[in-house]
Amino acid sequence: MNSMPEAARILVIEDDADILKVVRFELEEAGFAVITAVDGVTGLTTAREENPELVILDLGLPDLDGAEIARRIRKTSDIPIIILTAMDAISTKVGLLEGGADDYLTKPFEPAELVARVKVQLRRHRGGEVVTLGLLEIHPEKRLVRYNQKEIRLSPKEFELLNFLARQPGRVYNREEIERGVWGSDLDDNSNVVDVHMANIRSKLREADGYGVIRTVRGIGYALKSQ
Ligand code: CA
């Protein structure tokens, strides 16, 4: 049940030849197909043209800053992005996650850990993994949600929305990301469809005493409480 359904194509953007070699080897050993780029501009083009299923991105590239690349990829795509960073500052990590990265690893890292994180992101992205956060349970394959063991009856779009937020609990998703992730494209600027769906989900959760499961960040978007 946890195996990958097919070989995912992974784009690795990394200018350090030694790290690139190791990462490629480990990913290929794990059954992934690997495409690579050694600078940011090529990486962005490759991400657009080759349509990989996940991007591993070095933060320190010769031409473009990795965080900027993540932001640009995020403008048009919701593929998982894992950042490799030499920096260890908390503010950097928070900034990366808010800027659109799904996960990060600090160098030096164990290649096996990178592979494990890649698998987690792909499972989350493909939506097969059961998520348990405190009293909340999301079963993507059965499209079932429970709170405190009580079933929450969501419409298909409400389910997709909740499941989308659950890809990375605690991360604040803005409306554009939610629209792209759940509706597949940006909606009309004046559309309040995200807010309406969010209000419906909250109201259904409240019926099961599920208060505060979804957090609103004023002027930015929404996050699922991380536990
Ligand atoms: Ca580098």
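Q: Rings of Phe, Tyr and Trp (its six-membered ring) pair if their centres lie within 6.5 Å; planes under 30 degrees apart are stacked, over 60 edge-to-face, the rest tilted. How many aromatic pairs does that give here?
A: One aromatic pair. Phe164 and Tyr173 form it, tilted, with 4.9 Å centre to centre and 50° between the planes.

Q: Anything I should know about the model?
A: It is predicted: local features need pLDDT of at least 70 and side-chain atom pairs 80 or more, while totals for chains, interfaces and linings use all residues. Numbering starts from 1 along each chain as its sequence is written, and side-chain values use heavy atoms, without hydrogens or water.

Q: Back to that pair. Are Phe164 and Tyr173 buried or exposed?
A: Both are buried (under 20% relative accessible area; exposed is over 50%, partly exposed in between; 1.4 Å probe, protein chains only).

Q: New topic: α2. Which of its residues are buried?
A: Gly40, Gly43, Leu44, Thr46 and Ala47, within residues 40-50. They span an arc of only 165° around the axis (using directions to the C-beta atoms), so they share one side of α2.

Q: What do they pack against?
A: β1 (9-13), β2 (33-37) and α3 (66-76), with contact meaning heavy atoms within 4.5 Å. Helices (H or I, at least four residues) and strands (E, at least two) are DSSP runs, numbered from the N terminus.

Q: And which exposed residues are on the face turned away?
A: Arg48 and Glu49.

Q: What follows α2?
A: Asn51, with a positive phi near 50°.

Q: Which domains is the chain divided into?
A: Domain 1 (9-126) and domain 2 (131-224), with bounds from an automatic or database assignment. Eleven residues from domain 1 and seven from domain 2 make the contact.
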